[in-house]
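Open the model in a viewer and follow the selections below in order. Each stop says what to pick and what is found there.

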Amino acid sequence: MKAAPFAYVRPGTVQDVVAELARDGAKVLAGGQSLVPVLAMRLGRPSTLVDINAVPELDRLSRDNGSIRVGATVRQRRLQRDDLSASVPLLRLALPWIGHREIRSRGTVCGSIAHADPAAELPAVASCLDATMLLTSTRGQRQIAAAEFFTGALTTVIEPDELLTEVLFPVAGPGEGFGFGEFARRHGDFALAGAAVRVRTTGDALQARVTCFGISDQPVTADVTAQLRAALAEVGPSPTGSQLRRGLAERADEVAADVVDTSGDGHASTAYRRRLVAGLLAREVSRAYLTSTSASEVSAS
Amino acid sequence: MTVPHSCPRTEADQPAEVRMTVNGNPVTLSLPARVTLSDAIRDHLGLTGTHVGCEHGICGMCTVLVDGEAARACLLFAVQIEGAQVTTVEGLGRQDDLHPLQESFGRHHGLQCGFCTPGFLMSSYDLLRHQPHVCREDLPTELSGVLCRCTGYRNILEAVADVAEAHPDGIPGPGNCGHRTMVGRTPAVSSGTGVVATDTRPETNPAGHPREITLPTGEPTIRIAVTSELTSSPQEVARVFDDVRLLARCLPGAELTDEVGGGWYRGRARVALGPVRLSFDGLAHVAEQSAERLVVAAQGQDSGGGGAQARIVLSARPSGACAALHAEADVFLTGRIAGFGRSLAGDVSRRMFEDFARALDQAASGGEPLVGPQPPRAVGILAAALADRARRRWQQLRRRITRG
């Protein structure tokens, strides 16, 4: 369980980082909480690790133009503690689920998204909120929306010579409510299934979307506005949580059947994951709807 | 979180240099980039309190504090830690002054085999330091980052809950993070990769020895004060004090290998206790030498990764017609030998000083001390004791004859 030998470099600027990445076999090292286990098990043997922790500008966490901008070396635990994350409630809900405190101390937000584990929380949050990823290389910079970013298990559109320098999470607007839940056998394990939900209620307009994870090779986002509307028509416009959950139950089963496309593994079968997703979906959509209506009341008053 | 300074490319077969502060001590390590922080702490610094279990971030055994936050040392390469403050379980408390968490784990029997204990201590320290008001119900989740296969967790949770209750305003900081020189493994042992240098390491002069042996500040691991009544006269003892080679022969298991000059000596000391075999190579410096007082500073490294430093003050004063030898020693142990029970290490050291006093007595009265380069053994100790008794009888007889 020792990593194979590698060359190591710790540049001080983004320019120098991308220059190093332009070489063959170079890999970015940020928090290392996903990469180092891969190296320890020798599933990966990059010839060079480019440590980006000496670049001060990548350590920035800021808010501008309706987004919070999270730099490449911002740790998950720091974001969890920072007041800024309160403006993106879905992050606040999701962050405690990531690994353990000890992992979040070092693990970075951008690193988790770049690693794109199908069962990880942050790629799902990025997908649900349609976050924007900023990629930099010697060839220049480009912005990619979450919908185009994830392409498969541990795979994204990031080219080998590109660095994910920042992720922009849109700040929650009035009338938005969120839900997040996952199921794992032990706290901190990768989820067997999970769901991130955003519901927007502004006046009569209603929009609900859910991103499920752990159930396919990448996060899967579905629009569940019709299902929520139908459930509300059934249980009335101001339901309690349990009423709405019951109204959503059957419809959640249908959505789950649609989004879960993993063939199952030693931990859980496809059918079991569908049941998990359906349960999580009904619970979290209901929670998101109820917080969205109270949020719009607050913003109206 | 410290932002480290940039560093140029280090090739895979080259060592990289990294500076960090471990338990309050600045250290500089030179090691390949692929060496994890956990291996660096254990193999290069000899701090084996940090345990290594799965080596891929699951079990939590290797949990340490990096810049005050708990992290898995197996998921960090030591080179990444440049400029950071690392606290290991050794820094948490002292054997005679445990941290409240350590004390509570003991009281609640929060450990059985003890393998996960350093991980749990560091993880729960981090938790209570940052969330002193954490509620009991959240403890299982908050402490889920470390696995225990013995206790069923119940006693661990009790131990942590107890400390949280007793310290609602936050727990005390680490109690053993002083300015303390650490003794690391010799480079040869860690296959050429562990060139350990502490910033407090004294400069080496052309004669090949440091300018001085700097003892750690803080509490020694063992403090010894032994007074032995000798049969020799103060003048006879002074003769031994004057002859370092003879003096060294009186020390059980010790061997003088080289006289460097200027009061500096190289030597070896071996200890054999049942299955325990320790062999220290090191340096001694006679800092003060007079007819009735001898001050020696010594430092040694055991081939297994332990280290010892000591300041020994020997003084002889008249006690009737004979001399009384008083030995005082402050001994600092690091590495695996520090894991010896404090009282056992203390008892062994005290016994060694008693043997030393006996041998010195023999040497002073003109005999050859009955210890040599052989490590102290039961037979040797017994033989010395018998010879001592026989000689005393003979001296009593002689005195009677001269009187008569």
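In this predicted model, select domain 2 and domain 3 of chain A: 22 residues of domain 2 are in contact with 18 residues of domain 3. On the domain 2 side, helix H4 (89-94), helix H7 (121-129) and strand E8 (150-152) of chain A each give two or more residues to this contact. Colour H7(A) next, since the largest share of that side, seven residues, comes from this helix. Coloured by residue class, the side of domain 2 that touches domain 3 shows 16 nonpolar, four polar and two charged residues.

For the ranges, use 7-51 for domain 1 of chain A, 57-170 for domain 2 and 176-300 for domain 3. Place a centre on the C-alpha atoms of domain 2 and another on those of domain 3 of chain A; 22 Å separate the two.

Now show both chains. The contact between them takes 33 residues from chain A and 36 residues from chain B. On the chain A side, select strand E1 (7-10), helix H2 (35-40) and helix H5 (101-106), each of which supplies at least two residues. H5(A) contributes the largest share of that side, with five residues. By class, the residues of chain A that touch chain B divide into 15 nonpolar, eight polar and 10 charged.

Finish at the strands. Select E1(A) together with strand E1 (residues 7-10) of chain B: the two run antiparallel and are joined by two bridges. Which residue of E1(B) is the bridge partner of A:Arg10? Label B:Cys7, which is that partner.

Note on methods:
Residues are numbered from 1 along each chain as its sequence is written. Chains are lettered from A and ligands numbered from 1 in the order in which they are written. This is a predicted model: local features need pLDDT of at least 70, side-chain atom pairs count only at pLDDT 80 or more; totals for chains, interfaces and linings use all residues. Two residues are in contact if their C-beta atoms, placed from the backbone, lie within 7 Å. Helices (H or I, at least four residues) and strands (E, at least two) are DSSP runs, numbered from the N terminus. Ala, Val, Leu, Ile, Met, Phe, Trp, Tyr, Cys and Pro count as nonpolar, Asp, Glu, Lys and Arg as charged, and the others, Gly among them, as polar. Two strands pair if DSSP finds at least two bridges between them. Domain bounds come from an automatic or database domain assignment.
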